[in-house]
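This report covers the strand pairings, the domain division, the ligand site and some backbone details of one model. Please read it alongside the sequence and structure.

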Amino acid sequence: MTSKQQKTLFCSNIQGTYSVELIDVPELGPGEVLVELQAVGLNPIDWFMRERGLFVPKWPAIFGLDGAGVVIKVGEGVANIEVGDRVMHAGTMVEPKISTFLQYAAIKADFVAKVPDNISLDEASTIPLVLATAALGLYDSKRSPHGGLGLTPPWEKGGRGKYADEPIVINAGSTSVGQFLIQFAKISGFSPIITTASRHNEEYLKSLGATHIIDRTIPLSSLPSAVHAITEKPIVYGADAISTAETQNAMCDVVAPGGDLLIVTHKRIAKEKLEGGEKHIAWVFADVQYPSARPCGLALYANMTGLLERGEIKVGHIIRQALSTQPNRIKIVSSGLAGIPGALDTLKSGVSALKLVVRPQETP
Ligand SMILES: NC(=O)c1ccc[n+]([C@@H]2O[C@H](COP(=O)([O-])OP(=O)(O)OC[C@H]3O[C@@H](n4cnc5c(N)ncnc54)[C@H](OP(=O)(O)O)[C@@H]3O)[C@@H](O)[C@H]2O)c1
């Protein structure tokens, strides 16, 4: 390996094999920074892409949508970031595509956020994609096919606490996306914040801001009555942070006519439930560089460090440790990039409020 080369994880083809390969370290364009990736967070989309070829323009492909590391070079015109800064960023599907299953990534400086001192790079690498899913989902404009609920974000005047006394129901609160939805809902003032989860995650989700936890093992058909037992107000805002076909349909029944439902995967709601057009379904696509999402994405990145630094948005794993009810909810995968295939199998088999993190510089 020359000093201009780096290790990366290639996937040969749809449902193909993984291998660690050498590629060139990218040249920097204007406005970009070169990040030495110290930590890469894994997401369910990483194994979807290999299994289903979703969002893969060509093979062999490099996946990975979350990274954190140290800036080692800045391109022309970069004013907000300096060499030595600890930063985090999300990958993007927008050409030129940026992946994170590698050791060095060149990324537009507008879409990296400094990591505050209270957060480690391992923790930071679990934040960007799912935080953006929650933020774009709640605060990006309503539009088709991808958009958000169009709420006023907390970084705009009047956004903080704006939805006081308005209930919100967040299905699957212990997903990584759900944990950030709960925290943004709290900043926006929603009350009550009702979520579903396994019972063992109840205390944890309450520490994030959820006010009521419904056991997610109850039949989904009884979800509307379980919500009604907590509040008699109509549910104008709902979010489904897992969005299986079953949960989307159940959450559609929870939302009142005239209300809005956020979903995080493609829409699978029965046509008859949407007849009359009374319910708006927002399907978020959390690529902050996607042209229509860009304005909200830029605003999020301009505010992300402050939200984390002030502790208004917490990384769940830190709170978990503080509560001492569960072990640390980040697991470091051994063998760097070479450990990813096994870790993605673990992710596919199901985890509970746990993020898997890889350290690319430890790749043998
Ligand atoms: N649209 C986008 O751009 C975008 C971006 C990122 C993610 N996503 C999607 O967002 C979803 C969540 O991703 P994630 O990374 O946050 O997931 P994750 O952290 O891997 O989710 C794990 C959690 O899911 C919960 N869970 C699993 N099945 C459930 C069900 N049927 N009902 C309720 N909770 C369930 C479990 O909760 P308990 O432990 O409490 O049982 C577990 O803690 C996925 O569908 C993913 O594809 C979409």
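In this predicted model, a right-handed β-α-β unit is made by β9, helix α5 (residues 202-208) and β10. Its two strands, β9 (residues 193-197) and β10 (residues 212-215), run parallel and are paired through 4 bridges. Within that pairing, T195 has I213 of β10 as its bridge partner.

A second crossover involves β14 and β15. Strand β14 (residues 330-333) is joined to strand β15 (residues 355-358) by 4 bridges, again in the parallel sense. Between β14 and β15 the chain passes through helix α11 (residues 340-349), and the handedness of this β-α-β crossover is right-handed. One residue pair that fixes the register is I330, which stands opposite K355 of β15.

The protein chain is divided into two parts: domain 1 (5-127 + 315-362), which is written as two segments, and domain 2 (130-283). A distance of 27 Å separates the C-alpha centres of domain 1 and domain 2. Where does the ligand lie with respect to domain 1 and domain 2? The ligand lies between them, because both domain 1 and domain 2 give residues to the shell around it.

That shell consists of 23 residues, and the closest to the ligand are S174, S198, R216, V284 and S352. Sorted by class, the shell holds 14 nonpolar, 8 polar and 1 charged residues. Three helices each supply at least two residues of the shell: α1 (44-52), α3 (128-139) and α4 (176-187).

Three of the closest residues have a polar side-chain atom placed against an oxygen atom of the ligand. The distances are listed below.

| Residue | Ligand atom | Distance to a side-chain N or O atom |
|---|---|---|
| S174 | oxygen | 2.4 Å |
| S198 | oxygen | 2.4 Å |
| R216 | oxygen | 2.7 Å |

Taken alone, the ligand exposes 950 Å², of which the protein buries 85%.

The remaining points concern the backbone. Which residues does the cis peptide bond with omega of about -5° join? This bond joins E95 and P96. P96 is placed in the loop between β5 (86-90) and β6 (104-108). Another cis peptide bond joins S144 and P145, with omega of about 0°. In this case the proline, P145, belongs to the loop that runs between α3 and β8 (168-171). Helix α3 also supplies at least two residues of the shell around the ligand.

Q15 is a residue other than glycine with a positive phi, near 55°. Q15 is found in the loop between β1 (5-11) and β2 (18-24).

Notes. Residues are numbered from 1 along each chain as its sequence is written. This is a predicted model: local features need pLDDT of at least 70, side-chain atom pairs count only at pLDDT 80 or more; totals for chains, interfaces and linings use all residues. Side-chain values use heavy atoms; hydrogens and water are left out. Two strands pair if DSSP finds at least two bridges between them. A crossover is right-handed if, with the strands pointing away from the viewer, the path from the first strand over the helix to the second runs clockwise. A residue is near a molecule or strand if one of its heavy atoms lies within 4 Å of it. A polar contact is a pair of N or O atoms within 3.5 Å; within protein, one must be able to donate a hydrogen and the other to accept it, and residues adjacent in sequence count only if both atoms are side-chain atoms. Accessible areas come from the Shrake-Rupley method with a 1.4 Å probe; for residues, only the protein chains shown count as cover. Ala, Val, Leu, Ile, Met, Phe, Trp, Tyr, Cys and Pro count as nonpolar, Asp, Glu, Lys and Arg as charged, and the others, Gly among them, as polar. Domain bounds come from an automatic or database domain assignment.
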